[in-house]
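Me: I should like to go through the reasoning behind the labels used for this model. Please set each value against the cut-off that applies to it.

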Amino acid sequence: MAVNDRFVTQKSKSELQSGSEMQLTKKDFPWWMIAIGVVIVITFVMIQINPDFKDAFKIIRAGLGVTISTTLSAYCIAILLGLFIGLGRVSESVVWRNISTIYVEIIRGVPLMVLIFFIALVLIPGLTAIVSSLGDVLISWGIEDFGAKLAAVENKSISMNVRAIISLAITYAAFSAEIFRAGIQSVSQGQMEAARSQGLSRWQAMRYVILPQAIRNVLPALGNDLISMLKDSSLVSILAVRDITQVTRLYVGRSFKFAEAYSILCVLYLTLTLILSLCLKVIERKMQNERK
Amino acid sequence: MSENKTPMIEVKDLSKNFGVVEAVNGVSLKVFPKQVLVIIGPSGSGKSTLLRTMNWLEKPTEGEVIVDGVSLSENQHCINAIRSNIGMVFQSFNLYGHLTVTENITLALRIVKKIKKNEAKKIAMQQLTKVGIADKADYYPAQLSGGQQQRVAIARALAMEPKVMLFDEPTSALDPEMIKEVLDVMLLLVKDGMTMVIVTHEMGFAKAAADEVIFMDMGKIVERAAPEVFFENPSCERSKQFLSQILSH
């Protein structure tokens, strides 16, 4: 809404603007933040005074740890895997480049919910079966200790929480790979040439010259990914992982207090994402100042 | 020139195609130690491409480049070691934007030459003093003027103690009043006896600094002569035409 208003006022004034006034964004008082803040405060006041709200909040709160830990651990894995695949996308090796492209295209072409089902219920059971039969082979070759460990890997031994984290990480790795690729390509070719001309290897040039600049350029995009990840973590409830969405659903299922429970759920997500985006803004501003 | 010495750079029958475009077409040349070779020519004549093949930033389609007796095509496994002996200065400076001036210079010293941090810093300061911007050691490239950036780029290349320096239109991206400060530094190198190959449009500089001038057009060497001969009395029709166009104002 705020964005729209701003656009309209800019458009109508555009003929009067001189060059220096033609900024893309106008700074105005953060009314939007106050509006959202009021909603959050009202909800928390309700939690304090209304027993139904209080009841629902107590139960939903229990899922916060799972939501946050799932998001953070999946995000860390996704960033590392994404960096690796992103480097693959710009690699000189045909094999690595193609494998990375296949990965990104497959993940981007399948809905997240379907991917979560597939990875948790097809891919991981399949992999555990392969690992344990590999263990059997090792035992038959006489490598008993390690073989026995592998053979003991069972589908059941991987919890749904871990599966959820792996699913989110694999999915988001594809997105962050694209972010890293764009970041690497945003650094001018001359930087690579200068580094190579000084005798750095391609990898050294990447590590010391290109990546530091690329990552700085894509930090806002990576931050947005964290926020998206937090929201998409609600999908792990389909694996019965007890995050805030799942505990809300369970609570509603037995209490039928839809309005209370889902309002609280919304406000909880909103609070979390708002905190995150404020943190990211601070980091961004810090980096911008550093660059000047 | 003393033809009996081994050349610092030897280019043999070199051609470079970009798809169907022939950028460089059968060029051979030698650059001897302490010689300053200036390559001039209209844009698209292949002079930059030729220069870039000399440290294998551009891979020739045919022919060979031999630097200090080492063939680049036959020694791909140690191309990084060879490159560390060849300084290169680019038209667009290409300073590392995320590093300070000092760090720009010490990066390759530390990674490629494995020189300790303090030692590398000392070398950086020496080079910065030489190009006259020691006071900007802790600035970031974006805080410097174009001329200052290019002088840092020269210092960065010099710090590696190269056997030869390649300049790819080092003043073409500069404001007129900054060209002089860069050319002055380059003249300093000439005085020091640095072997240099320079692609430039600065005819005055070419006259003053070059031992030899090569005029290229359409990927070929059209004329090769001492600067006094080339600028006063060019022998080829194409060179005369080129000179009359750029010197007419």
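**Interface and salt bridges**

Reply: About 1,800 Å² is buried between chain A and chain B, and carbon and sulfur atoms give 53% of this area. The model is a predicted one. On the side of chain A, the residues that lose the most area to chain B are A:Glu193, A:Ser197 and A:Gln198, together 34% of what that side buries.

Me: How many residues of chain A are in contact with chain B, and what makes a pair count as a contact?
Reply: A contact requires heavy atoms within 4.5 Å. By that criterion 18 residues of chain A touch 21 residues of chain B.

Me: What makes B:Arg52 and A:Glu193 a salt bridge?
Reply: The closest N and O atoms of B:Arg52 and A:Glu193 are 2.7 Å apart. The limit is 4 Å between a side-chain nitrogen of Lys or Arg and a carboxyl oxygen of Asp or Glu, so the pair qualifies. The rule finds 1 salt bridge across the interface of chain A and chain B.

Me: Which residue of chain B also meets B:Arg52 in a salt bridge, and why are both called buried?
Reply: The partner is B:Glu58, at 3.0 Å from N to O. Buried means under 20% relative accessible area. B:Arg52 has 13% and therefore counts as buried; B:Glu58, with 14%, is likewise buried.

Me: Why is the pair of A:Arg202 and A:Glu92 called a salt bridge?
Reply: Their N to O distance is 3.9 Å, and the rule asks for a value within 4 Å, so the pair is accepted. A:Arg202 belongs to helix α10 (residues 202-232) of chain A and A:Glu92 to the loop between α4 (64-89) and α5 (94-109), so the salt bridge ties together parts 110 residues apart in sequence. A:Arg202 is partly exposed at 25%, whereas A:Glu92 is exposed because its 59% is over 50%.

Me: How do you know that B:Arg238 and B:Asp217 are paired, and what parts do they tie together?
Reply: The closest N and O atoms of B:Arg238 and B:Asp217 are 2.5 Å apart, which is within the 4 Å of the rule. B:Arg238 lies in helix α9 and B:Asp217 in strand β9 (residues 212-217) of chain B, so parts 21 residues apart in sequence are tied together. B:Asp217 is buried at 12%, and B:Arg238 is partly exposed at 26%.

Me: Why is B:Ser239 called buried, and which residues is it in contact with beyond its neighbours within four places in sequence?
Reply: B:Ser239, in helix α9 (residues 237-246) of chain B, has 0% relative accessibility, so it falls under the 20% limit. Beyond those neighbours, B:Ser239 is in contact with B:Phe215, B:Val222, B:Glu223, B:Phe230 and B:Pro234.

Me: Why can A:Met160 belong to a nonpolar surface patch?
Reply: Patch residues need over 30% relative accessible area, and A:Met160 has 32%, so it passes that limit. A:Met160 is found in helix α8 (residues 160-186) of chain A. The patch covers about 770 Å² and includes A:Phe117 and A:Leu121; helix α6 (residues 112-141) gives the most to it, with 8 residues.

Me: What makes β1 and β4 of chain B paired strands?
Reply: Pairing needs at least two bridges, and 5 join β1 (residues 9-18) to β4 (residues 62-67), so these antiparallel strands pair. The sheet is open, in the order β2-β1-β4-β5. Strands β2 (21-31) and β5 (70-71) each have a single partner strand, so they stand at the edges.

Terms used: Residues numbered from 1 in each chain as written. Chains lettered and ligands numbered in written order. Predicted model: local features only at pLDDT ≥ 70, side-chain atom pairs only at ≥ 80, totals over all residues. Heavy atoms only, no water. Helix = DSSP H or I, 4+ residues; strand = E, 2+ residues; numbered from the N terminus. Patch = residues over 30% accessible without salt bridge, like charges linked within 9 Å, V, L, I, M, F, W, Y side chains within 5 Å. Areas by Shrake-Rupley, 256 points an atom, 1.4 Å probe, with all protein chains shown as cover. Buried < 20%, exposed > 50% of the residue type's maximum accessible area, 1.4 Å probe, protein only. Buried area = accessible area lost by both parts, 1.4 Å probe.
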